[in-house]
Every structure is written in structure tokens, then in C-alpha cells.
Amino acid sequence: MFYKVKSVIPLDNMLLQVEFENGIIKKYDVKKLKNRWQVFKFLENKTLFEHVKVDAGGYGIMWNENIDLSCNETLENGVIINE
């Protein structure tokens with residue numbers, strides 16, 4: 001099952017606030033991905049990091065054609081802010 005992303009807001013310290021269409025809001029830490037996948041190290045550039053947007057259809061978020069995250073990744077591994 002997919003939980004579509006409604007909006008995403010870049011925060012300080014490589015954190016994202018992700019709101020889903022079902023009303024859940026989570027905080028997701030992108031820093032943990034830098035050690036797993038080299039491409040996420042580019043997001044240390046604050047200007048690039050702040051260009052995050054919801055992917056077409058709400059099935060994830062993206063920064064460019066090479067860096068993206070699925071909606072399920074951010075939902076399952078984010079910290080809940082509200083429900």
C-alpha cells in the first residue's frame with residue numbers, strides 16, 4: 001500500500017517534514033542515508049537540499065532526476081509528529 005505524500009518541507013540539519021494525504025506528518029532524517037548511498041552526500045549542499053519537492057503523483061519526494069525517496073521510506077522510517 002502506498003501512502004501518498006501531500007507536502008514536504010526541508011528543515012535544518014538535513015531533516016524533512018513530510019505530510020501524507022491521510023493527515024500523518026513525519027520528520028525524516030536524510031543524514032542516515034549518506035553512509036548507505038553515495039548520491040545522498042550531495043544533499044549536504046543546503047541549496048540542493050532545500051529544492052526538495054513532491055514527486056509526480058505523490059509516490060515520493062525528489063531533489064533531481066538522480067536523488068529521490070519513496071513515500072513508504074519516509075512514512076516507515078520517519079518519526080511521527082502528529083496523527
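In the predicted model, Lys26 is in contact with Leu16, Gln17, Val18, Phe20, Thr74, Leu75, Gly78, Val79, Ile80 and Ile81, when neighbours within four places in sequence are left aside. Lys26 belongs to strand β3, which comprises residues 25–29. With a relative accessibility of 13%, the residue falls under the 20% limit and Lys26 therefore counts as buried. A polar atom of the Lys26 side chain lies 2.6 Å from the backbone oxygen of Leu75. Across the sheet, Lys26 stands opposite Ile80 of strand β7.

The surroundings of Lys26 can be followed through the pairing of its strand. Strand β3 pairs with β7, residues 79–82, in the antiparallel sense over 3 bridges. Strand β3 is also joined to β2, residues 15–20, by 5 bridges, and these two strands likewise run antiparallel. Within this second pairing, Leu15 has Asp29 of β3 as its bridge partner. Strands β2 and β3 form a hairpin in which 4 residues lie between them. One residue of the turn, Gly23, has a positive phi of about 95 degrees. As a general property, side chains in a regular strand alternate between the two faces of the sheet.

A further set of strands was identified elsewhere in the chain. An open sheet is formed by 3 strands in the order β4-β5-β6, with antiparallel pairing. Strands β4 (53–54) and β6 (68–70) stand at the edges of this sheet; each has a single partner strand, so one side of each is left without a neighbour in the sheet. The pairing of β5, residues 60–62, with β6 is antiparallel and extends over 3 bridges. In this pairing, Gly60 has Ser70 of β6 as its bridge partner.

At the level of the whole chain, 2 helices and 7 strands are present. Read along the sequence, these elements follow the pattern β-β-β-α-β-β-β-α-β. The radius of gyration of the chain is 12 Å, close to the 12 Å given by the globule rule for 83 residues, so the chain is as compact as a globular protein of that length. Along its principal axes, the C-alpha trace spans about 30 × 25 × 20 Å. The accessible surface of the chain comes to about 5200 Å², and 49% of this area belongs to carbon and sulfur atoms. Of the 83 residues, 36% count as buried. Among contacts between residues at least 6 apart in sequence, 48% join residues that are at least 24 apart.

The interior of the chain was examined next. The largest nonpolar core has 20 residues, and those with the most contacts inside it are Leu16, Val30, Phe40, Leu43, Ile61 and Trp63. Strands β1 (5–11) and β2, together with helix α2 (71–77), are the elements that give two or more residues to this core. Strand β2 gives the most, with 3 residues. Val30, one of the residues with the most contacts inside the core, touches Met14, Leu16, Phe40, Leu43, Phe49 and Trp63, when residues up to four places away in sequence are not counted. Leu16 is thus listed among the contacts of Val30 and also among those of Lys26.

Methods:
Residues are numbered from 1 along each chain as its sequence is written. This is a predicted model: local features need pLDDT of at least 70, side-chain atom pairs count only at pLDDT 80 or more; totals for chains, interfaces and linings use all residues. Side-chain values use heavy atoms; hydrogens and water are left out. Two strands pair if DSSP finds at least two bridges between them. Buried means under 20% relative accessible area, exposed over 50%, partly exposed in between (1.4 Å probe, protein chains only). A polar contact is a pair of N or O atoms within 3.5 Å; within protein, one must be able to donate a hydrogen and the other to accept it, and residues adjacent in sequence count only if both atoms are side-chain atoms. Contact means heavy atoms within 4.5 Å. The radius of gyration is taken over C-alpha atoms; the globule rule is 2.2 Å times the number of residues to the power 0.38. Accessible areas come from the Shrake-Rupley method with a 1.4 Å probe; for residues, only the protein chains shown count as cover. A nonpolar core is a set of buried Ala, Val, Leu, Ile, Met, Phe, Trp, Tyr and Cys residues joined through side-chain atoms within 4.5 Å.
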